[in-house]
Amino acid sequence: MNAPVRIFAALPAAETDGKDKQQGLEVTCLNKPVREVQVTGVAEVSCPADRAWLLVSVTSTKDSINEVTNSISRRLEYIFQTIRQHGVSEEHRTVRRTLRRHAEAYAMDAEILVTFSEFKKMEQTCCVLLEKLDKSVQVGTPRFFHSAACLSELRLRASVSAVENAQQKASKIAQLLGESLGATLLVREEETKEWRNEEEATGGERSSTHLLPLLPTATATSQVSVSFSFRDKSRKKL
């Protein structure tokens, strides 16, 4: 996106002793002119979700606790095997079992929450479970989300892009003034924002052309203020 720019340029001025504060930058002038340019750079970066939760539920009712436990265990073992075959390790799944009495029988419910990082393998896992297991097994709708690492990388990209935009503008301003851009004097991040379209994440309103849940998108913006020096023209090129 084209970012707005706030410019402060200081070219050779009268010699002074003391300190001046200009937009957060403290400059000491000891018989030397101030030669710098200050610009503001803005960037906006987005990325889709990189993780998904899938909830698989299993229910069984038997005459004894031993029978219902064995019935649930057999189904869980097949589910675990299918998950492993699609590249999901044990640390990315959690299991919860609940036993209750149902009339003269015993009923047990089990829930397996699986975290996927590869959505294609998640789709393949769903197909296998729905095809091979009976109606006692329910496969829920995937819930997409952003991992902490993904959001951290998003914020970093926004900040870096904002600084790059500021540097590009400062370089063009220097050329316009007949100067050469020198070293960076100060980089200050003034504002950051972040938001996600939760409506898509929860499978909210979708047009008829999108029957599947849309991937939620996270967006981060960054605004930075950067000061650059102008190169000293009095120095001879080696």
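**Exercise 1. A salt bridge between distant parts of the chain**

Task: Is E179 buried or exposed, and which side chain does E179 meet in a salt bridge?

Solution.
Step 1. E179 has a relative accessible area of 11%, so E179 is buried. The cut-off used here is that buried means under 20%. Keep in mind that you are working with a predicted model.
Step 2. Now look for the partner: the side chain of E179 forms a salt bridge with that of R35, at 2.5 Å from N to O.
Step 3. Locate both ends. E179 sits in the loop between α3 (148-176) and β10 (181-196), while R35 belongs to the loop between β3 (25-30) and β4 (36-48). The two are 144 residues apart, and the pair links distant parts of the chain.
Step 4. Check R35 too: its relative accessibility is 18%, so R35 also counts as buried.

**Exercise 2. Two further salt bridges**

Task: Where do R96 and E111 lie, and how do E118 and K121 count in terms of accessibility?

Solution.
Step 1. R96 and E111 meet through their side chains in a salt bridge of 2.7 Å, N to O. R96 is in strand β6 (residues 93-102) and E111 in strand β7, so this pair ties together parts that are 15 residues apart in sequence.
Step 2. R96 has a relative accessible area of 52% and is therefore exposed. E111, at 29%, counts as partly exposed.
Step 3. E118 and K121 also form a salt bridge, at 3.7 Å from N to O. E118 is partly exposed at 42%, and K121 is partly exposed at 28%.
Step 4. For the wider picture, the count comes to ten salt bridges, and R155, E194 and R196 are linked in a network of them.

**Exercise 3. The partners of strand β5**

Task: Which strand does β5 join through eleven bridges?

Solution.
Step 1. Strand β5 covers residues 51-62. Eleven bridges join β5 to β7 (residues 105-116), and the two run antiparallel. Along this pairing, T59 stands opposite D109.
Step 2. β5 also pairs with β8 (residues 137-139) in the antiparallel sense over three bridges; here V58 has V137 as its bridge partner.
Step 3. A further antiparallel pairing, again of three bridges, connects β5 with β9 (residues 143-145). There, A52 is partnered by F144.

**Exercise 4. Finding the nonpolar cores**

Task: How many residues does the largest nonpolar core have, and which elements give two or more residues to this core?

Solution.
Step 1. The largest core has 26 residues; L54, V56, V58, L76, I79, I112 and M122 have the most contacts inside it.
Step 2. The elements giving two or more residues to this core are β5, α1 (65-85), β7, α2 (119-132) and β8.
Step 3. Zoom in on V56, which touches residues including I79, I112, L129 and V137.
Step 4. Nonpolar side chains tend to be buried together in soluble globular proteins.

**Exercise 5. A serine in strand β11**

Task: Which side chain makes a polar contact with the side chain of S222?

Solution.
Step 1. Find S222 in strand β11 (residues 217-230). With 2% relative accessibility, S222 counts as buried.
Step 2. The side chain of S222 makes its polar contact with the side chain of E189, at 2.6 Å.
Step 3. Beyond E189, the residues S222 touches include G41, A158 and T192.

Note on methods. Residues numbered from 1 in each chain as written. Predicted model: local features only at pLDDT ≥ 70, side-chain atom pairs only at ≥ 80, totals over all residues. Heavy atoms only, no water. Pairing = 2+ DSSP bridges. Helix = DSSP H or I, 4+ residues; strand = E, 2+ residues; numbered from the N terminus. Buried < 20%, exposed > 50% of the residue type's maximum accessible area, 1.4 Å probe, protein only. Polar contact = N/O pair within 3.5 Å; in protein donor to acceptor, adjacent residues only side chain to side chain. Contact = heavy atoms within 4.5 Å. Core = buried A, V, L, I, M, F, W, Y, C linked by side-chain atoms within 4.5 Å. Salt bridge = Lys/Arg side-chain N within 4 Å of Asp/Glu carboxyl O. Lists of a residue's contacts leave out its neighbours within four places in sequence.
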